Amino acid sequence: LNDCKRELHDLMGQEKLAGASLMIFANKQDLAGALTADEIAEALELNSEKFSSRHWSIVACSAVTGAGLLEGMDWMTDDISSRIFMLA
C-alpha cells in the first residue's frame with residue numbers, strides 16, 4: 001500500500017483535482033484477511049492534514065458479487081450533488 005499511498009498523495013496534490021471527491025472501492029472484501037476501511041484509511045493516511053478538507057469515503061465491495069458497488073456510486077452521487085446545490 002505504500003506505492004498506492006505515494007501515488008494517491010501525488011495525484012490528489014494536483015491543482016486540477018482541488019476539491020475533487022475521493023471514493024475508494026475496497027475490493028475483495030469477500031476474502032478472508034481483507035483490510036477493513038479503517039485499516040486502508042490509516043495505511044493511505046487519509047486522516048492526515050492533507051485530506052482534512054477533502055470529501056472521501058472507502059466502500060467495502062466485491063466485484064464478484066457486486067456487493068457494495070451501488071453503495072459506493074450512491075455516495076459519490078450524493079456527495080457531488082450536495083456540493084453542486086451548495087454553489088447554486
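**Exercise 1.** Which residues does Ile 58 touch, not counting residues up to four places away in sequence?

*Solution.* A word on the ground rules: this is a predicted model, where local features need pLDDT of at least 70, side-chain atom pairs count only at pLDDT 80 or more, and totals for chains, interfaces and linings use all residues. Residues are numbered from 1 along each chain as its sequence is written, and side-chain values use heavy atoms, with hydrogens and water left out.

Step 1: take contact as heavy atoms within 4.5 Å. Step 2: list the partners of Ile 58, which are Ile 24, Ala 26, Ala 37, Ile 40, Ala 41 and Leu 46.

**Exercise 2.** Place Asp 30 and find its polar partner.

*Solution.* Step 1: Asp 30 sits in the loop between strand E1 (22-26) and helix H2 (37-43); helices (H or I, at least four residues) and strands (E, at least two) are DSSP runs, numbered from the N terminus. Step 2: Asp 30 counts as partly exposed because its relative accessibility is 44%; buried means under 20% relative accessible area, exposed over 50%, and partly exposed in between (1.4 Å probe, protein chains only). Step 3: leaving out residues up to four places away in sequence, Asp 30 touches Ser 62 and Val 64. Step 4: with the side chain of Ser 62, the Asp 30 side chain makes a polar contact at 3.4 Å (a pair of N or O atoms within 3.5 Å; within protein, one must be able to donate a hydrogen and the other to accept it, and residues adjacent in sequence count only if both atoms are side-chain atoms).

**Exercise 3.** Locate Met 73 and classify its exposure.

*Solution.* Step 1: Met 73 belongs to helix H3 (residues 69-87). Step 2: its relative accessibility is 48%, so Met 73 counts as partly exposed.
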